[in-house]
Amino acid sequence: MNLWDWNLLTINETKKTPKGSWDMGIDYEQTYKMFREELQKIKSKKILYKDDYKKIAYLITYLLQLRNGCRIWEAISGMINIAINLDNFDWNERIIVRVRTQKRKDLEFREIILPKFITKEDIELVKSIFINIKKEIDEKSTLEEKLAVKKKIVKRFGAWLYKNYKINTHSLRYAYITYLGKRGIPAQVLAKITKHKNQNYITYYTQNVLAKEILTNYGDLDD
């Protein structure tokens, strides 16, 4: 969509990418259901091929990210931890693992919860994929090498999501924040859940989402 303003070219700010443009404003419930249905559709096949296992692994990871409002690497780390501890869980209880919070220098950890409908059998289908991701990093000897591999893995997951669904991974994180914000969860609690160090950013973001929704849906008297 083209943007017009009488002095658009004289304002430096308008030349920049709007802050928050990485958030595509996806709906949490619709996206959750879409991924779940895609997952169930693949699992219903009589024969699963290599690409099917890959798709299952990716979809479960995206569901994990969406369900927890976490960053994509936190979701991947969560899947690795679930895979390597597969037989240590009580699968009659909620499956919860702890992962290192990204973009924090204070060694903060957060909990990652597996969606209820995902079973031990689902994880067994893709366990080897996440074990291999772990090996990709473990085989590197220096921190720089490990970081480079980590970035490639994150890019791989992000590219696959965008190629197949035209959304980015960070939108999954903020779909959950929006979902909870609309249900009246305070910004302080949202920041604790998602491990945002800057609570002001959560407040700014959720207020912007709410303001846009109010502007869109309230005020017309001609219906």
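**Exercise 1. In this predicted model, determine what share of the contacts with a separation of 6 or more comes from residues 24 or more positions apart, and set out the elements that make up the chain.**

Solution. Begin with the contacts: among those in the protein with a separation of 6 or more, 62% are accounted for by residues 24 or more positions apart. Next, count the secondary structure, which comes to eight helices and two strands. Finally, read these elements from the N terminus on, where the order is α-α-α-β-β-α-α-α-α-α.

**Exercise 2. Work out how much of the protein counts as buried and what part of the accessible surface belongs to carbon and sulfur atoms.**

Solution. The protein has 223 residues, and 39% of them count as buried. Turning to the outside, the accessible surface comes to about 14,400 Å², and carbon and sulfur atoms hold 52% of that area.

**Exercise 3. Compare the span of helix α6 with the expected value, and explain why α6 is described as largely enclosed.**

Solution. Helix α6 covers residues 169–181, a run of 13 residues, and from its first C-alpha to its last it reaches 19 Å, which is close to the 18 Å expected at 1.5 Å a residue. For the second part, list the residues of α6 that are buried, that is, under 20% relative accessible area: they are T169, S171, L172, R173, Y174, A175, Y176, I177, T178 and L180. Because 10 of the 13 residues of α6 are buried, this helix is largely enclosed by the rest of the structure.

**Exercise 4. Find how many aromatic pairs the whole structure contains, and characterise the one formed by Y58 and Y62.**

Solution. A search of the whole structure gives 13 aromatic pairs. One of them joins Y58 and Y62, whose ring centres are 6.1 Å apart and whose planes make an angle of 90°, so that the pair is edge-to-face, the class for planes over 60 degrees apart. As to their place in the chain, both residues belong to helix α2 (residues 50–68), and because they are four residues apart in that helix, about one helical turn separates them. Both are also buried: Y58 has a relative accessible area of 5%, while the value for Y62 is 0%. The last step is to follow the ring pairs outward, which link Y58 and Y62 with F35, F157, W160 and Y165 into a cluster.

**Exercise 5. Identify the rings over which R36 and K166 are placed.**

Solution. For R36, the charged end sits over the ring of F117, at 5.9 Å from the centre of that ring. For K166, the partner is Y162, over whose face the lysine lies at 5.8 Å from the ring centre.

Notes: Residues are numbered from 1 along each chain as its sequence is written. This is a predicted model: local features need pLDDT of at least 70, side-chain atom pairs count only at pLDDT 80 or more; totals for chains, interfaces and linings use all residues. Side-chain values use heavy atoms; hydrogens and water are left out. The expected span of a helix is 1.5 Å times one less than its number of residues. Buried means under 20% relative accessible area, exposed over 50%, partly exposed in between (1.4 Å probe, protein chains only). Contact means heavy atoms within 4.5 Å. Accessible areas come from the Shrake-Rupley method with a 1.4 Å probe; for residues, only the protein chains shown count as cover. Rings of Phe, Tyr and Trp (its six-membered ring) pair if their centres lie within 6.5 Å; planes under 30 degrees apart count as stacked, over 60 as edge-to-face and the rest as tilted. A charge sits over a ring if NZ of Lys or CZ of Arg is within 6 Å of the ring centre and within 35 degrees of the ring normal.
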